[in-house]
2 protein chains.
Amino acid sequence: METTCDQDGPWDVYLRSCPCRDVLDLLANKWTALMLGALARGPHRFGELRRAVDGISQKMLTQNLRQLERDGFLTRTVYPTTPPTVEYALTEMGAEVGAHLVALSTWSQANFDRIRSARESYDGRELQPVR
Amino acid sequence: METTCDQDGPWDVYLRSCPCRDVLDLLANKWTALMLGALARGPHRFGELRRAVDGISQKMLTQNLRQLERDGFLTRTVYPTTPPTVEYALTEMGAEVGAHLVALSTWSQANFDRIRSARESYDGRELQPVR
DNA sequence: CGGGATCCGGTCGGATACTG
DNA sequence: CAGTATCCGACCGGATCCCG
């Protein structure tokens with residue numbers, strides 16, 4: 001027996017007990033979106049990734065890399081050089097979800113002006129009530 | 001003068017100082033994905049939304065609804081009945097991003113089996129080393 | 001019904017120091 | 001270079017109580 005989502009067929013993220021919600025939690029995350037987005041442009045070494053995703057700490061980078069590797073979204077290849085060389089690359093699965101996350105990032109960039117004007121109109125509301 | 005991302009053209013979420021990274025942070029979020037996904041199937045009242053997104057607390061629901069409303073992703077309509085009736089509906093913008101987030105949720109459900117087997121293979125690794 | 005306000009534990013996540 | 005380990009503050013997010 002194990003933690004299932006429901007009895008019928010596939011999984012349902014809208015149910016609190018569904019184990020696949022953890023996956024959504026890992027993927028629907030700012031750092032994940034940026035990391036997979038960077039890797040979508042090709043394999044990166046640790047330091048390259050760190051620089052590509054500006055502002056991420058090495059702790060978060062390592063932590064997310066491990067989780068993403070564990071879930072099969074990327075591979076970690078160590079070349080026995082000195083100093084060590086480690087390369088991260090997307091798997092097929094990683095590329096699939098990466099595409100969706102890249103779409104999200106791209107959308108955020110492209111439509112930020114619309115969002116900001118929506119924000120201004122919202123903020124300047126209750127100061128000049130209805131009439 | 002204001003906080004810009006860079007000088008040339010549009011915004012860049014990969015830069016730490018880019019204000020549009022906040023938008024990505026709001027969107028690339030488990031609750032946001034599920035809420036917009038539920039609203040993509042039509043307008044919902046507060047309680048309906050609470051039940052559709054199983055496990056969300058009313059605090060998180062309210063908080064995210066306010067932010068999403070402020071950024072123009074959904075509208076909040078109050079009908080002067082007793083007891084009050086409040087309806088939430090996606091805007092055009094909300095439907096656009098919602099589509100990407102629904103894709104992410106759907107993908108997570110559909111591919112959870114692949115992820116779980118990747119997870120098992122990863123976990124059963126260092127116990128039986130190379131040779 | 002649709003919230004606001006508050007308390008509070010747990011985790012997120014940055015900063016720093018150390019290693020092969 | 002590519003991490004691991006630890007400290008610690010911030011805030012995420014659930015539980016509870018209250019209101020119009």
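**Exercise 1. State the area buried between chain A and chain B, and the share given by carbon and sulfur atoms.**

Step 1. Take the term. Buried area is the accessible area (1.4 Å probe) that two parts lose on being put together, summed over both.
Step 2. Read the value. Chain A and chain B bury about 5,400 Å² between them. Carbon and sulfur atoms give 61% of that area.
Step 3. Add the contacts, meaning heavy atoms within 4.5 Å. Here 55 residues of chain A are in contact with 55 residues of chain B.

This is a predicted model: local features need pLDDT of at least 70, side-chain atom pairs count only at pLDDT 80 or more, and totals for chains, interfaces and linings use all residues. Residues are numbered from 1 along each chain as its sequence is written, chains are lettered from A and ligands numbered from 1 in the order in which they are written, and side-chain values use heavy atoms, with hydrogens and water left out.

**Exercise 2. Find how many salt bridges cross the interface of chain A and chain B.**

Step 1. Apply the rule: a side-chain nitrogen of Lys or Arg within 4 Å of a carboxyl oxygen of Asp or Glu.
Step 2. Count. The rule finds ten salt bridges across the interface.
Step 3. Check an example. A:Asp54 pairs with B:Arg16 in a salt bridge, with the closest N and O atoms 3.3 Å apart.

**Exercise 3. Which helix of chain A supplies the largest share of the side that touches chain B?**

Step 1. Fix the elements. Helices (H or I, at least four residues) and strands (E, at least two) are DSSP runs, numbered from the N terminus.
Step 2. List the helices of chain A that each supply at least two residues. They are helix 1 (20–27), helix 2 (30–39), helix 4 (58–70), helix 5 (92–110) and helix 6 (112–123).
Step 3. Pick the largest share. Helix 5 of chain A gives twelve residues.

**Exercise 4. Is B:Ser108 buried or exposed?**

Step 1. Place the residue. B:Ser108 sits in helix 5 (residues 92–110) of chain B.
Step 2. Use the cut-offs: buried is under 20% relative accessible area, exposed over 50%, partly exposed in between (1.4 Å probe, protein chains only).
Step 3. Decide. B:Ser108 is buried because its relative accessibility is 0%.
Step 4. Look around it. Leaving out residues up to four places away in sequence, B:Ser108 touches A:Cys20, A:Val23, A:Leu24 and A:Leu27. Its side chain reaches the backbone oxygen of B:Leu104 at 2.9 Å.

**Exercise 5. Locate the cis peptide bond from A:Thr82 to A:Pro83.**

Step 1. Check omega. For this bond, omega is near 0°.
Step 2. Place the proline. A:Pro83 lies in the loop between strand 2 (74–79) and strand 3 (85–90) of chain A.

Note on methods: Polar contact = N/O pair within 3.5 Å; in protein donor to acceptor, adjacent residues only side chain to side chain.
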